[in-house]
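Me: I've got the sequence and the model open side by side. Mind if I fire some questions at you while I look around?

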Amino acid sequence: MTAQPFYITTPIYYINARPHIGHAYTTIVADAIARSRRLLGDDVLFLTGTDEHGQKVERAAQKAGIEVTAFADEVSSAFRQMCVDLGISNDDFIRTTEPRHHRAAQEIWRRVMAAGDIYKGHYEGWYCTVDEVFVPETQLVDGACPTCGGKVERLQEESYYFRLSRYQDRLLEFYRQLPDFLQPDFRFNEIRTFVEGGLQDLSVSRTSFTWGIPVPDDPRHVMYVWFDALTNYLTELGFGSDDPGASDRMSRYWPGVTHLMAKEITRQHAVYWPAFLMAAGLTPPRRIVAHGFWLMGGAKMSKSVGNVARYQDYVGVFGLDAVRYFLLREMPLGQDANFADEAILTRFNADLANDLGNVISRTVTMLHRYRDGVVPEVAPGTRTALDTALVEAAATTIASVRASYDTFQMSVALQQTWELIGLLNKYIVEREPWKLAKSPASAAVLDLTLYHAADTLRVIAALIEPVMPQSTVRIRAMLGTPAESWTGLAPASLQAGTRLGPVEPLFPRIERTTEELRAMSDTSTPAPVPTTEPVAPVHVPVTAEAPAAPGASVTAGPELISYDDFMKVDLRVARVLRAEQVPKSKKLVKLAVDDGSGERTIVAGIAEAYQPEQLVGRTVVIVANLKPAKLMGIESNGMILAGSAEGALPTLITVDGVPPGARVR
Ligand code: MSP
């Protein structure tokens, strides 16, 4: 079967500002989609780049006191670097200042002109330089731009116009024929309503500045930056060049393109762009996917507001895959989401360290401990309903994750994958391999359990690959399994006899990030946000001494914590394996406990209440994520919970019957 072409683009980013989390997000979403398509065997072309012309950029360069081309080179390279930093698998990076793009933009202009859809006129009206859009008088909000709230300027100049008004019917017909042209649906409805309301001709050239692509045969004019920028998607395919491969590339990748962006620029992509293309005799793009905004402090994260978070800070603290995971998991397609340090930390420790990291280290550790690091053979016909249910759940998850990717719902795909991780955790808890390991009669069930646990992890590693490619490589190194695509991905196909690699911590819990997070907050603390709505506390540094949020209630009584705060304490069930009195101490006992993933030492002040031998075999509750501390020269890794009345000896909290490693909540 020949590979299906799949062309995906991000917006090309303005270079008046350095890249932030908002740009990082779109680029990562596009990357995950591109990677998923490659895993499905498609011939993927993935384009991103920078939009470098226009008045906004010209002014930013002037403000920086740098010649505009040098300014463009510098900021564009920051976006190129972002792609490297974020592990983006783009096939090309386009700049609108490149000669190939000038040729393409001038070619499309000539075609539209030849079709009679560009004419010369005079523009008098308002312009928003932040958004690079003309704003009709009727749309001004208190005299400001309705989109960004910024100042608009009065323009009065000769201008070429595009006959957008001619395209209303053709656009509406095009929308009718492609009911999934724009996703999500509610955005498509907005666009339809806008077009149904009537279209006015669009000014497409400027004469009051020169930083742009000259209009063919009339170089006093430069093209309106959007006319220039949208064409980049064709430049990539060699449009307007005399390269002999260009027409093949055009027919291979056009019009089957997916343009990804945030919601604020859907009009340009879903109305202007198809109309320009129709006028030039080309087919409009196949699909537009519009996501929501990352908000900070209640407003869209943006350079002009000043509330931006640097992606570098978060990658530095949490690691690249964790940031990619957070961004894709937290924002359902089409909706806005809040960017907050606390949310990342919670997801990191709950989803990555506890759920995923834990099940991997447990499984791999047990395979090493009980089966010398080799995937066991499963005797035919030994699977029970429990194993079959896990295999079936894995098969269903593969299908549903693929379906979610088909509709660009990565957050749903991740949720589905995490449900499988949860099931796998339950399967292990139910089977209690640590008990099975004690009796030779249970060897076959233990084989079965370890086989299916490792096999399900193999499936999970494949499913998270588009979002967390580095983690997939690391999980496979631990499992000893090769890279695999999504085309033949199926559960219960792990090769028995596979030799596992060493266990390595994948997502060690982050406990000591107070300073790091505070440092991050220092670099990204937002400027006051111009909004009339009450603004929630903006950045919540994760610190014990965090000041009360404005408006926090000051009633007497114990300070209340949130559920998320409680979940930061990793309470686990553990079984005491050995116990001995610490020499020269009246109170301390040194305990070796099984916490479900291995053995750890805990020193507890319970010697006056219990003899060491009374402790062995008890199932206790430990705080598993306490910073290690040295007591009488012994490193203690955690704390055992006990209750004690004032002045009385402590009584251990025991949870007999619950397996080691189970979470207490
Ligand atoms: N240059 C135009 C696009 C031309 S495409 C032919 C432009 N550039 S931009 O630098 O302003 O980038 C806008 C895009 O950056 C958004 O559509 C989105 O993809 C991304 N984002 C910037 N800030 C964002 C958020 N706060 N939240 C989500 N996405 C964000 O518009």
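Me: Let's start with Asp217: is it buried or exposed?
Reply: Its relative accessibility is 79%. Buried means under 20% relative accessible area, exposed means over 50%, and partly exposed is anything in between, using a 1.4 Å probe and protein chains only. At 79%, therefore, Asp217 counts as exposed.

Me: What kind of model are we looking at?
Reply: Residues are numbered from 1 along each chain as its sequence is written, and side-chain values use heavy atoms, with hydrogens and water left out. Local features need pLDDT of at least 70, side-chain atom pairs count only at pLDDT 80 or more, and totals for chains, interfaces and linings use all residues, since the model is predicted.

Me: Back to Asp217, what is its phi?
Reply: Asp217 sits in the loop between strand E10 (214-215) and strand E11 (218-223). Strands here are DSSP runs of E with at least two residues, helices are runs of H or I with at least four, and both are numbered from the N terminus. Asp217 isn't a glycine, yet its phi is positive, near 65°.

Me: Where is Lys584, the other non-glycine with a positive phi that I want to check?
Reply: Lys584 has phi at about 65°. With 86% relative accessibility, it counts as exposed. As for its place, Lys584 is in the loop between strand E17 (571-581) and strand E18 (589-594).

Me: Zooming out, how many helices and strands does the protein have?
Reply: The C-alpha atoms fill a box of roughly 95 × 65 × 40 Å along the principal axes. Of the 665 residues, 54% count as buried. The tally of secondary structure is 21 helices and 25 strands.

Me: What share of the contacts with a separation of 6 or more comes from residues 24 or more positions apart?
Reply: A contact means heavy atoms within 4.5 Å. Among contacts with a separation of 6 or more, the pairs 24 or more positions apart account for 75%.

Me: How far apart are the mean positions of the positive and negative charges?
Reply: Lys and Arg count as positive, Asp and Glu as negative, while His and the chain ends are not counted. Each charge is placed at NZ of Lys, CZ of Arg, CG of Asp or CD of Glu. That gives 66 positive and 78 negative charges, and their mean positions are apart by 4 Å.

Me: Which element gives the largest share of the shell around the ligand?
Reply: The shell has 24 residues, the closest being Ile12, Thr26, Asp51, Trp294 and Met301; a residue belongs if one of its heavy atoms lies within 4 Å. Strand E1 (5-14), helix H1 (21-39), helix H7 (225-230) and helix H8 (232-235) each supply at least two of these residues. The largest share, four residues, comes from E1.

Me: And how much of the ligand's own accessible area does the protein cover?
Reply: Polar contacts are pairs of N or O atoms within 3.5 Å; within protein, one must be able to donate a hydrogen and the other to accept it, and residues adjacent in sequence count only if both atoms are side-chain atoms. A backbone N or O atom of Ile12 lies 2.8 Å from a ligand nitrogen, while ligand oxygen atoms are 2.9 Å from a polar backbone atom of Tyr14 and 2.6 Å from a side-chain N or O atom of Thr26. Accessible areas use the Shrake-Rupley method with a 1.4 Å probe, and for residues only the protein chains shown count as cover. Of the 670 Å² that the ligand has on its own, the protein covers 95%.

Me: What is omega for the peptide bond between Gln183 and Pro184?
Reply: Gln183 lies in strand E7 (residues 182-183), and Pro184 is in the loop between E7 and helix H6 (185-196). Gln183 is buried at 13% relative accessible area, and it touches Arg287, Ile288, Val289, Ala290, Thr407 and Phe408, leaving out residues up to four places away in sequence. The bond joining Gln183 to Pro184 is cis, with omega at about -5°.

Me: Which loop holds Pro255?
Reply: The peptide bond from Trp254 to Pro255 is cis, with omega near 10°. Pro255 itself is in the loop between helix H9 (246-253) and strand E12 (257-262).

Me: Last one: how many residues of H12 are buried?
Reply: H12 spans residues 320-330. Its buried residues include Leu320, Tyr325 and Arg329. The helix is largely enclosed by the rest of the structure, because the buried count out of its eleven residues is ten.
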